[in-house]
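User: I would like to learn how to read a small protein model feature by feature. Could you take me through one, giving the general idea before the particular case?

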Amino acid sequence: MSDVVVKLRDHGPILISGEFVIEDGQGQPIDLAGKTNIALCRCSASKNSPFCDGSHKECGFVAENRAK
Ligand code: FES
């Protein structure tokens, strides 16, 4: 089992759990305030980017991911 788990939610965010670092576009670490479970937005509607704020439910974001 990996120390970090990444889950793609259908029609929703990317969930990450474990010990990890998230960097912005300039390679600067984003303060996670010690969180080891986060949800990253992939619908582009979040007002708290890069994190999911639940806006994907209102904007009708559609995405499914299945292993093949
Ligand atoms: S995925 Fe949740 S707000 Fe974008």
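What follows is a walk through the fold, the sheet, a few single residues and some totals.

User: What kind of model is this, and which elements run from the N terminus on?

Analyst: The model is a predicted one, so its features are read as computed properties of a prediction. The protein holds 1 helix and 3 strands, and from the N terminus on these elements follow one another as β-β-β-α.

User: How should I read the sheet, and what is the order of its strands?

Analyst: In general, the strands of a sheet pair through backbone hydrogen bonds, in either a parallel or an antiparallel sense. Here the 3 strands form an open sheet in the order S1-S2-S3, and the pairing is antiparallel. The edge strands, each of which pairs on one side only, are S1 at residues 5–8 and S3 at residues 37–40. From one strand to the next the twist averages 20 degrees.

User: How many bridges join the strands, and which residues are bridge partners?

Analyst: Between S1 and S2, the latter covering residues 14–17, the antiparallel pairing extends over 4 bridges, and valine 5 has serine 17 of S2 as its bridge partner. S2 and S3 also run antiparallel and are joined by 4 bridges, with leucine 15 facing alanine 39 of S3 as its bridge partner.

User: Which side chains of S3 are buried, and where do they point?

Analyst: The general idea is that side chains in a regular strand alternate between the two faces of the sheet. In S3, Ile38 and Leu40 point to one face and are buried, whereas Asn37 and Ala39 point to the other face and are not buried.

User: What does lysine 7 touch, and how far is its C-alpha atom from that of glutamate 58?

Analyst: Lysine 7 belongs to strand S1, and, once residues up to four places away in sequence are set aside, lysine 7 touches Pro13, Ile14 and Leu15. Glutamate 58 is 51 residues from lysine 7 along the chain, and their C-alpha atoms are separated by 21 Å.

User: Is histidine 56 buried or exposed, and what is it in contact with?

Analyst: Histidine 56 is part of helix H1, which covers residues 56–59. Histidine 56 counts as buried because its relative accessible area is 13%, and the cut-off for buried is under 20%. Apart from neighbours within four places in sequence, histidine 56 is in contact with His11, Gly12, Pro13, Cys43 and Phe61.

User: Why does serine 46 count as buried, and what does it touch?

Analyst: Serine 46 sits in the loop between S3 and H1, and serine 46 counts as buried because its relative accessibility is 11%. Not counting residues up to four places away in sequence, serine 46 touches Cys41, Phe51, Cys52, Asp53 and Ser55. Serine 46 and isoleucine 16 are 30 residues apart in sequence, with a C-alpha to C-alpha distance of 17 Å.

User: Which backbone angles should I look at in the loops, and where are the residues concerned?

Analyst: One case is the peptide bond between serine 49 and proline 50, which is cis with omega at about 10 degrees; proline 50 lies in the loop between S3 and H1. Histidine 11, in the loop between S1 and S2, has a positive phi of about 55 degrees although it is not a glycine, and histidine 11 is partly exposed at 30% relative accessibility. Alanine 33, in the loop between S2 and S3, is likewise not a glycine and has a positive phi of about 55 degrees; alanine 33 counts as exposed because its relative accessible area is 63%, the cut-off being over 50%.

User: What do the totals for the protein add to this picture?

Analyst: The C-alpha trace spans about 30 × 30 × 20 Å along its principal axes, and 24% of the 68 residues count as buried. The accessible surface comes to about 5,100 Å², with 49% of that area belonging to carbon and sulfur atoms. Among contacts with a separation of 6 or more, 30% are between residues 24 or more positions apart. Finally, the protein has 8 positive and 9 negative charges, and the mean positions of the two sets are 9 Å apart.

Technical notes: Residues numbered from 1 in each chain as written. Predicted model: local features only at pLDDT ≥ 70, side-chain atom pairs only at ≥ 80, totals over all residues. Heavy atoms only, no water. Pairing = 2+ DSSP bridges. Helix = DSSP H or I, 4+ residues; strand = E, 2+ residues; numbered from the N terminus. Axes fitted to C-alpha atoms, helices over the stretch in contact; angles between N-to-C directions. Buried < 20%, exposed > 50% of the residue type's maximum accessible area, 1.4 Å probe, protein only. Contact = heavy atoms within 4.5 Å. Areas by Shrake-Rupley, 256 points an atom, 1.4 Å probe, with all protein chains shown as cover. Lys, Arg positive; Asp, Glu negative; His and termini not counted. Charge placed at Lys NZ, Arg CZ, Asp CG, Glu CD.
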